Amino acid sequence: MNIVSFLFQLVGSLGFLLYGMKMMSDGIQKSAGEGLQRILGLMTGNRILAVLTGLFITMIIQSSSATTVMVVSFVNAGLLTLKQSVGVIFGANIGTTITAWIVSLFGFKFSISAFAVPLFGIGFILVSYKKLKKESIGEALMGFGLLFLGLDMLSSIMPEVSADNVAFLSDFTDKGALSRFLGIIAGMVITMVIHSSSAATAIILTMSYNGLLPWEFAAAMVLGSNIGTTIDAVIASIGTKVNARRAALVHVLFNVSGTILAVIFFRPLLALVDAIIPGPVDKDTITNHIAMLHTVFNLSNTIIFLPFVNQIAALTERLIRPKADETPDTYHLEMPQPGKTEHAAGAILLAEKEILDMSEIVTRMFQRIRSSFADRSTAATQEFKTAQIQDEEYADQMHQELSQYLVRCLDLPLTDNQRNNVSQMLEVVAQLEDMTDDCHSVSILLGRSVEKKMTFAQEDLDRLDPYIDLVNRFVLFIRENANQHLTEEKLAEAQAIEDQIDQFRKNLKKVARKRLESGADVKSELLYIDLVRQLEKIGDKAFNISEALYLTK
């Protein structure tokens, strides 16, 4: 029963942590808008400011784990870019060293769990009293409270770890290089168990002060605790967007790489600390040595890796790819340099590749529409709407960036044929973006039908199936020919599909009107007609693209 109870408490604690992060992320996103994003952008506008931001936040809340979890949340909410998050994470690692100094100098540790209940209470008040019009801020504060509570519960439900019950580690302190390795593993495991590098460092300081750990072994344990502290960011990144998962990976790479370097230069690192803290390493000074090691380690890592923020971000993008049905948070396209002949053909090829990617988004959005007719459950509909919104917003970004890119391409020394192609590509991009808007409109209508518990007769859905298949055929036709010059035969095929869609639409609307006249539910029938019309609009845009592709001949 003890094991079962422990497992339930563990799952519950993780639930608090993950749901708190989601609530905080959603609340910030709703309440902040562009205002907080501009503030955060200013605070993290360059690498130094980003590091200072992470440093001061961690000094205030006394937990690098909480700071990195919040960074993952901000990245997930789109309030921080991946590159901005790198500097904040670096600063968080420096900020967490203040706890070691507090414990070393004063023997006191401030717990972030003290924030949890007051924050949640204030947030609940803001959410409950609608007249204040601060519901989103209240939701964010409740999320912060749950996040802190989750971290605290994770620590409290774990088997108690103290200096007394890890005293056995003193038996492994005189094994040379093996002792360093065991020290790193011990520090990592203890930190993962209690979910706090600050608490782990406090334990290491206490054991060292009591003479249980020699200087070198304690130093190795401090290095290991820096790896163990990444566990919370990894947990918080579960189920988040791709860039949030990359931000968590930044924390892991930074701490693991720094520890590897520290192990390689272990003796010089300890000699540097000894030089900064003069005098022999004894009971009275060992805690200061450990605190200084923690500080020097994180400062050195930041100085070494800070010039490579862009490269670190690029590495995480290579290591963590978007899932098959996932798009990145933001879209960016490097603009071509004007006046360079050798870049003209390459620039056009890149634009064609991006157009193909955009057509894939349209295809994916329409496939979801097909699936949503089969599964009209509330949970499936909510997931469907979220995915559609993300893709539609990403397509909007693509439209803007790609259009600017193509306009810049017109400044390149193009042939007449290339210039004509670029002009028509601008039209194709605009029509593809319109198709995503239409797919999103269909999503809204389907969501409304589920929310209002509207039902459609099975015979109506059966009539709609071939119509949806026909529109889907047109969507796939565009994807297959997105960068082709259509022949007359291909254009005739597109015209035939368009004519069939128009005829289907007329027949379906005629049947719906007859049902209205016979006393069918007005709201359901009108929504059915709207669905039919919106699906036909997707076909219209597909035909417009077909004509544009034929004109490029």
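**Figure 1. Contact of helix α16 with helix α19 in the predicted model.** From α16, the residues Leu356, Ser359, Glu360, Val362, Thr363, Phe366, Gln367, Arg370 and Phe373 take part. They meet Leu461, Leu464, Ile468, Asp469, Val471, Asn472, Val475, Leu476 and Arg479 of α19. By class, the residues of this contact comprise ten nonpolar, four polar and four charged. Helix α19 covers residues 458-480, and its axis is 10 Å from that of α16, at an angle of about 170°. Because angles over 145 degrees count as roughly antiparallel, α16 and α19 are described as roughly antiparallel to each other.

**Figure 2. Packing of helix α16 against helix α18.** Helix α16 spans residues 344-374 and helix α18 spans residues 416-451. The two axes lie 10 Å apart and enclose an angle of about 20°. An angle under 35 degrees counts as roughly parallel, so α16 is roughly parallel to α18. The crossing of α16 past α18 is left-handed. In the contact of α16 with α18 there are 20 nonpolar residues, six polar ones and two charged ones.

**Figure 3. Surroundings of Ser225 in helix α10.** Helix α10 is formed by residues 215-228. Ser225 has a relative accessibility of 0% and therefore counts as buried, the cut-off being under 20%. A polar atom of the Ser225 side chain is 2.6 Å from the backbone oxygen of Val222. Leaving aside residues up to four places away in sequence, Ser225 touches Gly187, Met188, Thr191, Ser197, Ala200 and Thr201.

**Figure 4. Surroundings of Thr230 in the loop between α10 and α11.** The loop that holds Thr230 leads to α11, which comprises residues 231-236. With a relative accessible area of 5%, Thr230 is buried. The side chain of Thr230 reaches the backbone oxygen of Ile227 at 2.7 Å. When residues up to four places away in sequence are not counted, Thr230 touches His251, Val252 and Asn255.

**Figure 5. Phe74 in helix α3, shown with Ser85.** Helix α3 runs over residues 64-77 and includes Phe74. The relative accessibility of Phe74 is 13%, so this residue counts as buried. Phe74 and Ser85 are separated by eleven residues in sequence, and the C-alpha to C-alpha distance between Phe74 and Ser85 is 8.7 Å.

Notes. Residues numbered from 1 in each chain as written. Predicted model: local features only at pLDDT ≥ 70, side-chain atom pairs only at ≥ 80, totals over all residues. Heavy atoms only, no water. Axes fitted to C-alpha atoms, helices over the stretch in contact; angles between N-to-C directions. Helix = DSSP H or I, 4+ residues; strand = E, 2+ residues; numbered from the N terminus. Parallel < 35°, antiparallel > 145°, perpendicular 65-115°, else oblique. Left-handed = near helix turned anticlockwise from the far one by under 90°. Nonpolar A, V, L, I, M, F, W, Y, C, P; charged D, E, K, R; others polar. Buried < 20%, exposed > 50% of the residue type's maximum accessible area, 1.4 Å probe, protein only. Polar contact = N/O pair within 3.5 Å; in protein donor to acceptor, adjacent residues only side chain to side chain. Contact = heavy atoms within 4.5 Å.
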